[in-house]
Amino acid sequence: MAGSGHGRYTYRLRLSRTALRSLLGEWDRCRWVWNQCVATSRQAYRDGEKCGPAHLDKLLTGWRGEHEWLRAGASVPQQQIIRDFAKSRAKALKDIEARLPVRQRAGMPHFKKKSLARPSLNYTLRGFRFKDGRLHLAGGIVATVVWSRELPADPSSARVYQDILGHWYVSFVVATEVQPLPGTGKVIGIDWGVAETATTTSDDHDLPHAEHGKKAAAKLARYQRMMARRRPPKGKRSSKGYRQARKQAAKAHAKIARQRQDTARVWAKRVVTDHDAIAVEDFRPKFLSRTTMARKAADAAISATKNELVMMGRKHGRTVVLVDPKNTTKDCAVCGARAKHALPLSERTYTCTACGTVSPRDKNSAHVMLVRAGLYPAGAESRRPDQAKPGQAA
């Protein structure tokens, strides 16, 4: 957790018609370069040849010499998209060599279709600069930045992209320093769930299910019905009404995502401020998408909340330990005994057959996180105050 790191600072962009037209033109050129890299890579695979970033950079020089319209664009974003392609291809080849299951592989890069791929342009330090508070990009593109907060340092790179609503943003990579918080001498264990997003060893820091998606379900269903009624036949251009309904649905989804992110950040900041060490269940909720709890689990946004907690811990120099979730419903946090069978989801009370401890199931799992992380000593002398005595109800 010590030392410096890197963070992204994102800002909204205001574009003139000229700047918007220029950015879309740059994206069309970069998309063409990407598709050429995909075609070259596939041909090299069939011929048994190598296709690394150095070879693609040489080809880019030839492509720019052959096509005047490609040469009219800046070379920085075109070189960066080749690096992105090479990184994506290297990851796919690494997964193949490691013999990972197909469902776990990254997959080889595919062609970017104009109607599906959203614009995203990367610029190195020599591809952008600031002048009078405005962003000047390579190729003579000038954009107005909505400075919602100050940059802590000079950025090393920038990414200009468009979201699904058509809004443009710029994301800067900035070197950051750890911002230490005062020590508290406290530790906390966190267990993820569906009834409650996070159950902790401290009752004051439990995170209830916010249900942002459930509250917006009626509005989303309305826009989706509008889209279904106006959906164009295959091969036909979509109508204005369909595009408007699709935009309204996208705005509703974006609002839900922002609400989930804000809830996660506020809770993570409170947990990190009040505790020096955090034991977090390294829970991967992907399997829940195949159960009857899929909708509620997706609305809980467990993965996003866990990532916000880890990033907040790094930012403030706290100790964050990711704990393997296997058998957490079997172990007793007091005596360490392990039951033969895991509790069914309908059973919410944990009873240890060895020492007789009775406690809420999720609370026991949260304390098991502390034991496994080495932050909470196991044994009868570490009986928790929220537990009842053996043989008594919690």
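Visitor: Which residues lie nearest the centre of the second largest pocket, and how many line it?

Guide: The second largest pocket has 24 lining residues, and S115, R118, Q162, I164 and R246 lie nearest its centre. This is a predicted model, where local features need pLDDT of at least 70, side-chain atom pairs count only at pLDDT 80 or more, and totals for chains, interfaces and linings use all residues. Residues are numbered from 1 along each chain as its sequence is written, and side-chain values use heavy atoms, leaving out hydrogens and water.

Visitor: What makes a space a pocket or a cavity?

Guide: The test runs on a 1 Å grid over the protein atoms alone: in a cavity a 1.4 Å probe fits but cannot get out, while a pocket is an open set with protein on both sides within 12 Å along at least five of seven lines. A lining residue has an atom within 4 Å of a point. The second largest pocket has a volume (the space filled by probe spheres set on the points) of about 890 Å³.

Visitor: Which elements give two or more residues to the lining of this second largest pocket?

Guide: Those are helix 1 (17-47) and helix 7. Helix 7 gives the largest share, eight residues. Helices and strands here are DSSP runs (H or I, at least four residues; E, at least two). By class, the lining of the second largest pocket holds 10 nonpolar, six polar and eight charged residues. Asp, Glu, Lys and Arg count as charged; Ala, Val, Leu, Ile, Met, Phe, Trp, Tyr, Cys and Pro as nonpolar; the others, Gly among them, as polar.

Visitor: What about cavities of 30 Å³ or more: how many does the structure hold?

Guide: One. The largest cavity contains about 100 Å³ of space. It has 14 lining residues, with T197, A210, T263, A300 and T305 the closest to its centre. Strand 10 (207-208), helix 7 and helix 8 (294-300) each give two or more residues to that lining. Helix 7 again has the largest share, here three residues. The lining of the largest cavity comprises six nonpolar, five polar and three charged residues.

Visitor: At what angle do helix 6 and helix 7 pack?

Guide: Helix 6 (residues 217-230) and helix 7 (residues 240-274) pack at about 155 degrees, and their axes are 9 Å apart. That makes helix 6 roughly antiparallel to helix 7, as angles over 145 degrees count as such.

Visitor: Which residues of helix 6 and helix 7 make the contact?

Guide: Contact means heavy atoms within 4.5 Å. Helix 6 brings L220, Y223, Q224, M226, M227 and R230, and helix 7 brings residues including Y242, R246, A249 and I256. Nine of the contact residues are nonpolar, four polar and two charged.

Visitor: Why are helix 7 and helix 9 called oblique to each other?

Guide: Helix 7 and helix 9 (residues 302-315) pack at about 40 degrees, with axes 9 Å apart. Angles under 35 degrees are roughly parallel and 65 to 115 roughly perpendicular. The angle of about 40 degrees fits neither range, so the pair is oblique. In their contact, W267, one of the helix 7 residues, joins others that meet T305, E308, L309, M312 and G313 in helix 9. That contact has seven nonpolar, three polar and three charged residues.

Visitor: Where do helix 2 and helix 4 meet?

Guide: P53, L56, D57, L60 and R64 in helix 2 meet S75, Q78, Q79, I82, F85 and A86 in helix 4. Six of the contact residues are nonpolar, three polar and two charged. The axes of helix 2 (residues 53-66) and helix 4 (residues 75-97) come within 10 Å and cross at roughly 145 degrees.

Conventions: Axes are lines fitted to C-alpha atoms, for helices over the stretch in contact, and angles run from 0 to 180 degrees between N-to-C directions.
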